Protein chains: 2
Amino acid sequence: MKKKPVSIRNIADELKISVTTVSFVLNGKAKEKHISKELTKKVLDYAKLINYKPNQIAQSLRTGKSKILVFMVEDISNNFFAKLARIFEDIAYDKGYKVIFCSNENDDEKSNELITLFNFRQVDGFVIVPSPGIKDTIENLIKDNIPVVLLDRFFDGLDCNSVVIDNEKASFDATQHLIDNQFKNIGFVTIAPDQSQMEGRLSGYIKAIDENGLKPHTLEIPYDQVYKGKGKELVRKFFEEEKDLDAVFFATNYLTQTGLEIFKENNPSLINDLGIISFDDNDMYKIYSPTITSVSQPLNDISTKLMEIMLPLLKKKDVTETTHKVMVNAELIIRQSSLSK
Amino acid sequence: MKKKPVSIRNIADELKISVTTVSFVLNGKAKEKHISKELTKKVLDYAKLINYKPNQIAQSLRTGKSKILVFMVEDISNNFFAKLARIFEDIAYDKGYKVIFCSNENDDEKSNELITLFNFRQVDGFVIVPSPGIKDTIENLIKDNIPVVLLDRFFDGLDCNSVVIDNEKASFDATQHLIDNQFKNIGFVTIAPDQSQMEGRLSGYIKAIDENGLKPHTLEIPYDQVYKGKGKELVRKFFEEEKDLDAVFFATNYLTQTGLEIFKENNPSLINDLGIISFDDNDMYKIYSPTITSVSQPLNDISTKLMEIMLPLLKKKDVTETTHKVMVNAELIIRQSSLSK
DNA sequence: TTGTTTTACTAAAACGTTTTAGTATGTTTG
DNA sequence: CAAACATACTAAAACGTTTTAGTAAAACAA
């Protein structure tokens, strides 16, 4: 049966001193509170001896801090988010925080539900990949003085910490790279830009196309159709109609997979004949035939930045004092699929 | 600034009754404790009106239950585990539990550290993909009456709940499928079987090979070499030496990727000439050229089973009463790579 | 000497619940 | 008509911490 864990009381009783003294010592306030060197040592030694660990829940109740962070993404089983989560987890544990992951499926209702749930369960801070319609919820969190860092996306006109990549630049560079490789009719397959990161990706593409005097060919798929098979049909139709495309830039990993699937089904030679770039890397791209060029987000940088912003917020009285909006650069990993044919 | 959340006290004061009564009502013990219908309704209505949510931490301190489960896997950013986690998360939230995910990197020290950390922070239950040397730690958890369900692997001679797939059968079937497709010299690339699931995969392969009077060709890579580039060289050497292989069965997703990488670098035609099967599916396998046959683990079944075992344990006084060892069947997804050439 | 400061330590409240052990009525029962 | 029981409610302890507001003695200053 479960033996009761040792408490501060046990230490106090054993050493015939008060719990107050023990608490002071264990919290490193010995000097400040004028606890003698000898007693301090005695407490520390005994605590170690009996392997005392504070009851985190009692601490939380008293201090109002849970040492738990929430990392809410669109889908934790998505490679990009899973990798980010993994790195964030490591840093967090290192700093004494536990992390609860959850997936909002880019759905406003689910997002709100989860945020409410956790907020009431006294979570210390949130990292959130926001669904399009939760600007108000986020604003309320900030008003309630709860640390929030947005990830991957942000809201125009909302003063909130965020870490995003420079989507426009990344997209511009990728498109320009295709142009530099003699591609002239470059298609862009994306999802409807009600998410800020998608907006940047589209505008980067358009900018490169415009600057080079080319004609844009874009397909924007409504988000709700993407994950319902319907998206695939739209992509298929796009390629059937735009016969003269010589390259295509997919704005997300998932769209690339859909595209490749269609090529495989309808017109396998396209895989080799078209110039192809995918936003977001995938372990398999480097072993595909041809190997696939991708825009790779710097996962380590992103997670590190997230923590760098989050940690000071957790100490602060007022989270609105200063907000940090960090933009990191993505890397274009050039492989066979984007080189001039 | 953060407004103080409403407490049971606020309700009691407002209605001029005791906190006890409020607590009884809110916990559904109104009848049992003879609280009148009218008062019960009044409490419920007012609680709803002011949007009362219990302070989970205070509840935890009092009841000793945190409503938190730990889901510890080898690497949460690994596709297989991420997908499992995603499903488990959904079920858990539905049952009122939060889930903390963590990665032990198949390392005993890290596993022990994490288990100790969470155990002392009063987690209600553990789902664990155990690293090879933590049998004792698991045993101690069980002795302490803490719910544990092992996932993917188990320990011989330890009576502990577990959910695993029938690796031997899955491996046997996959090998037999290759044999049925006229392959005669089937290689098996695996990691050293100090993990139970790897043992089953090897023995299934051997059994099929033996039953068909063929000769085994196995490569066993020590676990610690797999993730250090060294593994790749061992695989490369294997294929250079075993010139007469006509098929290969990779025992994990990661090994498949390594293998494909080597084929691509050294001998691209092999990808089409060899029969290939991979343990664990990958979204990209169905759009690879050729499409790749895989042994796919039933993620939904596994997560559901995990919860089915975990939930009753969380209610029980004594977790050792009965142990459930569940074995689920994997599915062979047949694609081009394993069909007779 | 007396008053002030410093040192060394502690009692008790507080965090927000749940639960035990009541009390004070009203209602049956023998 | 008293004893037993049922109903409707509550005071206070408990969970394990942290922290406020102390006390008592020793050291120092005048």
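How many Å separate the centres of domain 1 of chain A and domain 2 of chain A, taken over C-alpha atoms? The separation is 36 Å.

This is a predicted model: local features need pLDDT of at least 70, side-chain atom pairs count only at pLDDT 80 or more, and totals for chains, interfaces and linings use all residues. Residues are numbered from 1 along each chain as its sequence is written, while chains are lettered from A and ligands numbered from 1 in the order in which they are written.

**View 1. Domains of chain A.** Chain A is divided into domain 1 (8-54), domain 2 (66-164 + 300-328) and domain 3 (167-297 + 332-338). The bounds come from an automatic or database domain assignment.

**View 2. The surface near DNA strand C.** 29 residues lie around this strand, and A:Ser18, A:Ser36, B:Ile8, B:Asn55 and B:Ala58 come nearest. A residue is near a strand if its C-beta atom, placed from the backbone, lies within 6 Å of it. Chain A supplies at least two residues from each of helix H2 (19-26) and helix H4 (56-63). Chain B does so from each of helix H1 (8-15), helix H2 (19-26) and helix H4 (56-63). Helices (H or I, at least four residues) and strands (E, at least two) are DSSP runs, numbered from the N terminus. By class, the surface has 13 nonpolar, 12 polar and 4 charged residues. Ala, Val, Leu, Ile, Met, Phe, Trp, Tyr, Cys and Pro count as nonpolar, Asp, Glu, Lys and Arg as charged, and the others, Gly among them, as polar.

**View 3. The surface near DNA strand D.** Of the 30 residues around this strand, the nearest are A:Ile8, A:Asn55, A:Ala58, B:Ser18 and B:Ser36. H1, H2 and H4 of chain A each give at least two residues, as do H2 and H4 of chain B. The surface divides into 13 nonpolar, 12 polar and 5 charged residues.

**View 4. The contact between chains A and B.** Chain A brings 40 residues and chain B brings 40 residues. Two residues are in contact if their C-beta atoms, placed from the backbone, lie within 7 Å. On the chain A side, H4, helix H5 (79-94), strand S2 (98-103) and helix H12 (253-266) each supply at least two residues. That side has 17 nonpolar, 11 polar and 12 charged residues.

**View 5. H5 against H14 in chain A.** The axes of H5(A) and helix H14 (residues 299-315) come within 9 Å and cross at roughly 45°. H5(A) is therefore oblique to H14(A). Axes are lines fitted to C-alpha atoms, for helices over the stretch in contact, and angles run from 0 to 180 degrees between N-to-C directions. Angles under 35 degrees count as roughly parallel, over 145 as roughly antiparallel, 65 to 115 as roughly perpendicular and the rest as oblique. A:Lys83, A:Leu84, A:Ile87, A:Phe88 and A:Ile91 of H5(A) meet residues of H14(A), including A:Leu299, A:Ile302, A:Leu306 and A:Met307. The contact has 8 nonpolar, 3 polar and 1 charged residues.

**View 6. H8 against H9 in chain B.** The axes of helix H8 (residues 167-180) and helix H9 (residues 196-211) come within 7 Å and cross at roughly 35°. Among the H8(B) residues in the contact are B:Phe172, B:Thr175 and B:Ile179. H9(B) contributes residues including B:Gly200, B:Gly204 and B:Ala208. The contact divides into 6 nonpolar, 8 polar and 4 charged residues.

**View 7. The loop between S9 and S10.** In chain A, the peptide bond from A:Ser289 to A:Pro290 is cis, with omega near -5°. A:Pro290 lies in the loop between strand S9 (275-279) and strand S10 (293-296). A:Asp280 lies in the loop between S9 and S10 of chain A. Its phi is near 75°, a positive value in a residue other than glycine. In chain B, a cis peptide bond joins B:Ser289 and B:Pro290, with omega about -5°. B:Pro290 lies in the loop between strand S9 (275-279) and strand S10 (293-296) of chain B.
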